[in-house]
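The following exchange sets computed values against the criteria that give them their names. Please consult the sequence and the structure while reading.

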Amino acid sequence: MRFNGPVLFLDRSDINTDEIIPARYLTEISKEALRPHLLEDLSLEEFDPRADIAGKRVIVTRSNFGCGSSREHAPWALEVNGITVVVARSFARIFRQNMFNCGMLAIELPKKDIDSLFALGDKVTIAVDIDQETVITKVATEVCCKFTLNSFDKALVQAGGWLAYADKKY
Amino acid sequence: MGKTITEKIFAAHRRDVPSDNNVVLDIDVVMCHEITTPIAINDLMERGMDRVFDPQKIKVVIDHVTPSKDSKTATQAKILRDWARRNRIKDFFDIGANGVCHALFPEKGFIRPGYTVIMGDSHTCTHGAFGAFAAGIGTTDLEVGILKGVCSFRLPETMKIVITGKLGKGVYAKDVILRIIKELTVNGATDKVMEFCGPVVDAMSMEARMTLCNMAIEAGATCGVCMPDRVTAEYLWPFIKEQYADVDAAVNDFKKWHSDADARYVAEKIFDVSNLNPQVTYGFKPDEVKDIADMAGTRVDQVYMGSCTNGRIEDLRAAATVLKGRRIADNVRAILSPATPQVFTQALEEGLIKIFMDAGFCVTNPTCGACLGMSNGVLAAGEVCASTTNRNFNGRMGKGGMVHLMSPVSAAATAVRGAIVDPREMM
Ligand code: SF4
């Protein structure tokens, strides 16, 4: 997976899994069926799921993203919309683990870095380099944020997820 | 340096240490329900990995939407049912024997002190009430759990929550945990285990301890945990009597899991609950909590009694004390979903079901029901529900609906008044 592209900014903390993908879609048994419903119930002023999500590859948000239920439908709903990276101040544990288990990235940055990303405004493109552990924005003023990835989480992403990793090792 | 109960359980189950920060644990019980498991089963089948590591250690229930409400949920149930049969999983609970997973599995004696337990459900933390490490996980973790019997965790730190004082009349475990979540906030315990101890916890029944641990996830915790003691041993006795000479022997054996006196905690919080009032949530986050008196007069359209938080026999008994000889208000509809068939039967035998029905409640089969707004009891936009469940997220019980979380006694009193009320006025 490549981890770069246009950013969707979600300026709120505690965005929960019911907002990412509502429970009423949990009867679906294919990931693709989740696609039109990503962030459908998000409480955020002026957010228009259809217009705002299109073409985005990265989410930048505040703290405790993905709190609530254990549903892996949340990362899947992101994945089928082409979003494979979430950059946040912090994550809920299960959501963060689900992202890495799917071979996707949940990157935690200090508040000042998150603030500086938000300060860039819309139309920002981000590139995440896993080896260098950096988030780089490509706008007039380039911002480079350093993050640290837990070595196990990194191994999961490189293996293509936890199932592939565990099948080989255990 | 001493160890916490969680560190002891981790040490006893360590399969691998893939990094300084992570461990891979052997899992004693993998629990499955029909919402998160079928998609794992389908994926395993597509990969040609339709196996289970040990059918005895897998426990399966259809509980979220049961009986199935449409073709999609019928398909989910069928995938789970066929898989359980194909893999010779004998602890499979279908219609007639099914109930809310986190109430049903403890009742069957599946959870023991020192166990590691996983399930594709965030309220798996409930089972920590037995002195187990029990954590909610996603589908990929579930697939690996089913296939290999292992799961990876970051090493969690432990937050010690000491509950002191004496609970007043009309105040219950639900009020205590709401108060704690208010203080910690929705991510105050993220990546941490909440260890509940102190005289109030020691005096609690297993039911009350499960209510406490159930909502640990609402503060972001990996798990809630209580020390396994005589209360635990007595609850489990029918299932462990072959193993121990008597209850005392079990109590003694359980002590090996207790946190050491010199164990290290990342934080220690003391809650004196002597002056605690009944609590209620007012917003869309479980840490938005107030004294119920501050919300008095808020009209409700529906009252829901049930769920893995408060659908157990003790909850029904407590609510019935308020409902006995009373009727619910005209503006309210009220639903009771006993959490398990055993709870239902017991409530029938004790005459509680009659009290609920005479009061005007509709009684459903054991199921998650209205808790997650997927089957029955869904709210219309603009409607308000007083609920004994654990989540008040926007849209949880139906798009545009509002849920106020409270104890069963508070919910019963609210049903009678037709608006939120301090239940002590009716006790
Ligand atoms: S009762 Fe509600 S919270 Fe508990 S397992 Fe069922 S849906 Fe989840």
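Q: Why is Gln76(B) called buried or exposed, as the case may be?
A: In this predicted model, Gln76(B) has a relative accessible area of 1%. Buried means under 20%, so Gln76(B) is classed as buried. The residue is found in helix 3 (residues 71–86) of chain B.

Q: What does Gln76(B) touch, not counting residues up to four places away in sequence?
A: Gln76(B) touches Leu26(A), Thr27(A) and Ile29(A) in chain A, and Glu34(B), Ile35(B) and Pro38(B) in chain B. Contact requires heavy atoms within 4.5 Å.

Q: How many residues does each chain bring to the contact between chain B and chain A?
A: Chain B gives 53 residues and chain A gives 44 residues. The area buried between the two chains is about 4,000 Å², and carbon and sulfur atoms give 54% of that area. Ile39(B), Thr140(B) and Arg154(B) supply 14% of the area that chain B buries against chain A, more than any other three residues.

Q: What makes the pairing of Arg154(B) with Asp153(A) a salt bridge?
A: The closest N and O atoms are 3.0 Å apart. The cut-off is 4 Å, so the pair of Arg154(B) and Asp153(A) qualifies. Between chain B and chain A the count is eight salt bridges.

Q: How do you know that Cys197(B) is not bonded to Cys226(B)?
A: The sulfur of Cys197(B) is 8.9 Å from that of Cys226(B), which is the closest cysteine sulfur. A disulfide needs the two sulfur atoms within 2.5 Å, so the distance is too far for a bond. Cys197(B) is also buried, at 14% relative accessibility.

Q: How many disulfides are there over all chains?
A: The count is zero. Cys67(A) is in no disulfide, as the nearest cysteine sulfur, that of Cys125(B), is 14 Å away. With a relative accessible area of 9%, Cys67(A) is buried.

Q: What makes the aromatic pair of Phe152(A) and Tyr165(A) edge-to-face?
A: The angle between the planes is 90° and the centres are 5.4 Å apart. Pairing requires centres within 6.5 Å, and an angle over 60 degrees counts as edge-to-face; the pair of Phe152(A) and Tyr165(A) therefore satisfies both conditions. Phe152(A) lies in helix 6 (residues 151–159) of chain A and Tyr165(A) in helix 7 (residues 162–169) of chain A, 13 residues apart. Phe152(A) and Tyr165(A) are both buried.

Q: Why is the pair of Trp162(A) and Tyr165(A) called tilted?
A: Its planes are 35° apart, with 5.9 Å from centre to centre. Stacked would require under 30 degrees and edge-to-face over 60, so tilted is the class that remains. Trp162(A) and Tyr165(A) are three residues apart in helix 7 of chain A, and so about one helical turn separates them. Together with Phe152(A) and Tyr170(A), they form one aromatic cluster.

Q: What lies over the face of Phe118(A)?
A: Arg62(A) does, at 3.8 Å from the ring centre. In chain B, the charged end of Lys59(B) sits over the ring of Phe110(B), 4.2 Å from its centre.

Q: Why is helix 15 (residues 408–417) of chain B described as largely enclosed by the rest of the structure?
A: Nine of its ten residues are buried, and therefore the description applies. Among them are Pro408(B), Val409(B) and Val416(B). The buried residues of helix 15 pack against elements of chain B including helix 12 (313–323) and strand 17 (361–363).

Key:
Residues are numbered from 1 along each chain as its sequence is written. Chains are lettered from A and ligands numbered from 1 in the order in which they are written. This is a predicted model: local features need pLDDT of at least 70, side-chain atom pairs count only at pLDDT 80 or more; totals for chains, interfaces and linings use all residues. Side-chain values use heavy atoms; hydrogens and water are left out. Buried means under 20% relative accessible area, exposed over 50%, partly exposed in between (1.4 Å probe, protein chains only). Rings of Phe, Tyr and Trp (its six-membered ring) pair if their centres lie within 6.5 Å; planes under 30 degrees apart count as stacked, over 60 as edge-to-face and the rest as tilted. Helices (H or I, at least four residues) and strands (E, at least two) are DSSP runs, numbered from the N terminus. A charge sits over a ring if NZ of Lys or CZ of Arg is within 6 Å of the ring centre and within 35 degrees of the ring normal. Buried area is the accessible area (1.4 Å probe) that two parts lose on being put together, summed over both. A salt bridge is a side-chain nitrogen of Lys or Arg within 4 Å of a carboxyl oxygen of Asp or Glu.
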